[in-house]
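Me: I've got this one open on my screen and want to talk it through. Can we start with a single residue and work outwards?

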Amino acid sequence: MSLADRRNNLVQQINKVEDEQTLEMLEASLAYYNNNDGKDITDGLDNYQLAELNSLLKEPDDKDTISEEEFKKLFARWNTK
């Protein structure tokens, strides 16, 4: 797909969007990518912050989750009147 075709496809998709929040998100994304001067979002982080971010990425997705049964036990006293 050529660049012009891609651009036209995006314009058509944007013209169909009715949700204002979606348009705001698109505006923010375009503003970021048009004004970032080739910088990555992590370029402003110091070594500690970057290491912390990397360690968070390596954590299992379900690290801090509990089962529904455990949840019910923990919050049982708030379910009473």
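Me: Is Glu59 buried, exposed or partly exposed?
Reply: Keep in mind that this is a predicted model. Glu59 has a relative accessible area of 29%, and because buried means under 20% and exposed means over 50%, that makes Glu59 partly exposed.

Me: Where does Glu59 sit along the chain?
Reply: Glu59 is in the loop between α3 and α4, and α4 covers 68–74.

Me: Which side chain does the side chain of Glu59 make a polar contact with?
Reply: That would be the side chain of Lys63, at 3.3 Å.

Me: And how far is Glu59 from Arg7 in space?
Reply: Going C-alpha to C-alpha, Glu59 and Arg7 are 38 Å apart, with their positions 52 residues apart in the sequence.

Me: OK, on to α3. What span should helix α3 have, and what are its end C-alpha atoms doing?
Reply: Helix α3 runs over residues 47–58, which is twelve residues. At 1.5 Å a residue it should span 16 Å, and the end C-alpha atoms are 17 Å apart, so the two agree.

Me: What does Asp46 do at the start of α3?
Reply: A side-chain oxygen of Asp46 comes to within 3.1 Å of the backbone nitrogen of Tyr48.

Me: Same span check for α2, what do you get?
Reply: For α2, residues 20–35, the 16 residues should span 22 Å. Its end C-alpha atoms are 22 Å apart, so that agrees too.

Me: How many buried residues are there in α2?
Reply: Zero among its 16 residues, so by the under 20% cut-off for buried, α2 is hardly covered.

Me: What's up with Asp37, just after α2?
Reply: Asp37 takes a positive phi there, about 50°.

Me: Let's jump to the other end. Is Leu3 buried or exposed?
Reply: Leu3 is exposed, because its relative accessible area is 60% and the cut-off for exposed is over 50%. Leu3 is found in helix α1, residues 3–16. From Leu3 to Glu52 is 38 Å in space, C-alpha to C-alpha, and 49 residues in sequence.

Me: Zooming out, how many helices and strands does the protein chain have?
Reply: Four helices and zero strands. The radius of gyration of the chain is 22 Å, well over the 12 Å that the globule rule gives for 81 residues, so the chain is more spread out than a compact globule.

Me: What box do the C-alpha atoms fill?
Reply: Roughly 60 × 40 × 25 Å along the principal axes. Buried residues make up 1% of the 81 residues.

Me: And what does the chain expose?
Reply: About 8,100 Å², with carbon and sulfur atoms supplying 52% of it.

Me: Last one: how far apart are the mean positions of the positive and negative charges?
Reply: 6 Å, taken over 10 positive and 18 negative charges.

Conventions: Residues are numbered from 1 along each chain as its sequence is written. This is a predicted model: local features need pLDDT of at least 70, side-chain atom pairs count only at pLDDT 80 or more; totals for chains, interfaces and linings use all residues. Side-chain values use heavy atoms; hydrogens and water are left out. Helices (H or I, at least four residues) and strands (E, at least two) are DSSP runs, numbered from the N terminus. The expected span of a helix is 1.5 Å times one less than its number of residues. A polar contact is a pair of N or O atoms within 3.5 Å; within protein, one must be able to donate a hydrogen and the other to accept it, and residues adjacent in sequence count only if both atoms are side-chain atoms. The radius of gyration is taken over C-alpha atoms; the globule rule is 2.2 Å times the number of residues to the power 0.38. Buried means under 20% relative accessible area, exposed over 50%, partly exposed in between (1.4 Å probe, protein chains only). Accessible areas come from the Shrake-Rupley method with a 1.4 Å probe; for residues, only the protein chains shown count as cover. Lys and Arg count as positive and Asp and Glu as negative; His and the chain ends are not counted. The place of a charge is taken as NZ of Lys, CZ of Arg, CG of Asp or CD of Glu.
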